[in-house]
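Subject: Handover of a structure

Dear colleague,

I am handing over to you the structure shown below. My notes on what was found in it follow directly after.

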Amino acid sequence: MRTLMPAHILDGRALAAEMRADLTARAATLRAKGIEPRLTIVFVGENESSIAYVRNLVRSGERCGVDVCVERLPENSDTAQVRESLERLGPDPRVHGVMLQQPLPTSLSIRQIADAIPPEKDVDGAHPTNQGHLAFGSGTRFVPATPAAVMRLLERSPHWPPLGRRTVVIGRSIVVGLPVAMLLLAADATVTVLHKESASLQPFLSLAEIVVVATGVPGLIGGADIAPGATVIDVGTTVVDGVLRGDVEYESALQVAGAITPVPGGVGPVTNMTLLHNVIEAAESAASSN
């Protein structure tokens with residue numbers, strides 16, 4: 001009988017620190033040429049989790065030498081107002097990356113807005129053209145930051161490469177779930193996508209070698225739900241009574257999983273660095289074309 005040992009913790013902060021060192025050097029090179037890498041975030045409303053995420057991103061940018069500017073719009077903004085804010089940033093040569101913070105207020109639909117993001121500055125891969133390239137496996141300039149962070153952390157897990165491995169993605173949002181599933185399929189994983197309309201998470205979850213959870217439902221998955229030794233990537237970030245919680249009940253899963261990301265300190269820090277990496281890439285591309 002297998003003796004369960006606490007899981008290996010996939011430390012997002014450590015990986016982010018490695019990425020930060022590289023990005024800081026590249027940002028310094030750009031600044032020496034008179035180019036200040038800049039990301040502008042269009043943020044609609046007052047979502048508490050988004051406020052925390054954007055605040056951390058601003059701090060991460062300061063540490064790397066990337067200017068992160070936030071353009072706030074009120075909760076009751078309409079589609080035309082959001083589109084205008086995004087489109088206006090396209091011709092601005094001072095801005096290298098543009099991101100629309102999600103989730104949006106319920107009155108707005110990302111499908112009616114995403115194509116207003118300047119595609120050449122779409123550093124979070126939300127524009128339909130970039131989403132299409134990702135879906136077709138034809139290569140996209142900017143992979144969405146959170147899905148890319150999931151893959152970077154998986155590279156440090158005992159289940160990398162995911163070739164043929166039974167993999168479950170819980171959540172099908174165009175921000176995380178679907179892009180993660182497509183990236184895993186491109187890496188030849190055997191992928192099952194579960195979501196709120198799925199009749200049951202089992203038996204799929206208990207058979208999976210890799211589990212990626214991105215639902216925004218705190219504590220949805222516990223240790224009893226997963227296979228011993230599975231790699232668990234928790235993308236969830238929900239503020240509950242002032243505390244950031246993930247979709248996985250961490251303490252119970254820690255005793256069963258083979259590898260697991262904590263919340264906070266897992267996917268979040270790597271997402272920040274991945275997004276800033278895309279901004280640096282965009283700034284370097286702009287510099288080389290001038």
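According to an unreviewed UniProt entry, residues 144-285 carry the annotation "domain: Tetrahydrofolate dehydrogenase/cyclohydrolase NAD(P)-binding". Please note that the model is predicted. Within residues 144-285, helix accounts for 34% of the chain and strand for 18%. The C-alpha atoms at the two ends of this stretch lie 18 Å apart.

A second annotation, also from an unreviewed UniProt entry, is "domain: Tetrahydrofolate dehydrogenase/cyclohydrolase catalytic", listed for residues 10-124. Over residues 10-124 the chain is 43% helix and 16% strand, and the C-alpha atoms at the ends are separated by 23 Å.

The chain as a whole

The chain contains 9 helices and 11 strands. Its C-alpha trace spans about 65 × 40 × 40 Å along the principal axes. The radius of gyration is 19 Å, which agrees with the value near 19 Å that a compact globule of 290 residues would have. Buried residues make up 50% of the 290 residues. Of the contacts between residues at least 6 apart in sequence, 73% join residues at least 24 apart.

The accessible surface comes to about 13,200 Å², and carbon and sulfur atoms contribute 54% of that surface. As for charge, there are 24 positive and 30 negative side chains; the centres of these two sets lie 3 Å apart.

Strand β4 and the loop that follows

Gly 97 belongs to strand β4, which covers residues 97-100. Gly 97 counts as buried because its relative accessibility is 0%. Beyond its neighbours within four places in sequence, Gly 97 is in contact with Arg 38, Leu 39, Thr 40, Lys 121 and Val 123. Gly 97 and Ala 282 are 185 residues apart along the chain, yet their C-alpha atoms are separated by 6.8 Å.

The loop between β4 and α4 holds Pro 103. The peptide bond joining Gln 102 and Pro 103 is cis, with omega about 10 degrees. Most peptide bonds are trans.

Strand β5 and its surroundings

A further cis peptide bond joins Trp 160 and Pro 161, where omega is about 0 degrees. Pro 161 is found in the loop between α5 and β5.

Val 168 lies in strand β5 itself. With a relative accessible area of 2%, Val 168 is buried. In sequence, Val 168 and Val 211 are 43 residues apart, while their C-alpha atoms are 4.9 Å apart in space. Leaving aside neighbours within four places in sequence, the contacts of Val 168 are Thr 192, Leu 194, Phe 204, Leu 205, Ala 208, Ile 210, Val 211 and Val 212.

Helix α6

Helix α6 runs over residues 177-186. Its buried residues are Gly 177, Pro 179, Val 180, Ala 181, Leu 183 and Leu 184. Several of these positions may be read against the general geometry of a helix: an α-helix has 3.6 residues a turn, so residues three or four places apart point the same way.

Against which elements do the buried residues of α6 pack? Two are the helices α4 (128-136) and α5 (145-154). The others are the strands β5 (166-170), β6 (190-194) and β7 (210-213).

Two residues with positive phi

Most residues other than glycine have a negative phi. Two aspartates are noted here in that connection.

Asp 188 comes just after α6, in the loop between α6 and β6. Although it is not a glycine, Asp 188 has a positive phi of about 70 degrees. Is Asp 188 buried or partly exposed? Its relative accessible area is 47%, so Asp 188 is partly exposed.

Asp 241 is found in the loop between β9 (238-240) and β10 (243-245). Asp 241 is not a glycine either, and has a positive phi of about 50 degrees. At 79% relative accessibility, Asp 241 counts as exposed.

As a starting point for viewing, I would suggest Gly 97 in β4, Val 168 in β5, and the two cis bonds at Gln 102 and Pro 103 and at Trp 160 and Pro 161.

With kind regards

Technical notes: Residues are numbered from 1 along each chain as its sequence is written. This is a predicted model: local features need pLDDT of at least 70, side-chain atom pairs count only at pLDDT 80 or more; totals for chains, interfaces and linings use all residues. Side-chain values use heavy atoms; hydrogens and water are left out. Helices (H or I, at least four residues) and strands (E, at least two) are DSSP runs, numbered from the N terminus. The radius of gyration is taken over C-alpha atoms; the globule rule is 2.2 Å times the number of residues to the power 0.38. Buried means under 20% relative accessible area, exposed over 50%, partly exposed in between (1.4 Å probe, protein chains only). Contact means heavy atoms within 4.5 Å. Accessible areas come from the Shrake-Rupley method with a 1.4 Å probe; for residues, only the protein chains shown count as cover. Lys and Arg count as positive and Asp and Glu as negative; His and the chain ends are not counted. The place of a charge is taken as NZ of Lys, CZ of Arg, CG of Asp or CD of Glu. UniProt positions are given in the numbering used here, feature names are shortened, and annotations may be inferred rather than shown by experiment.
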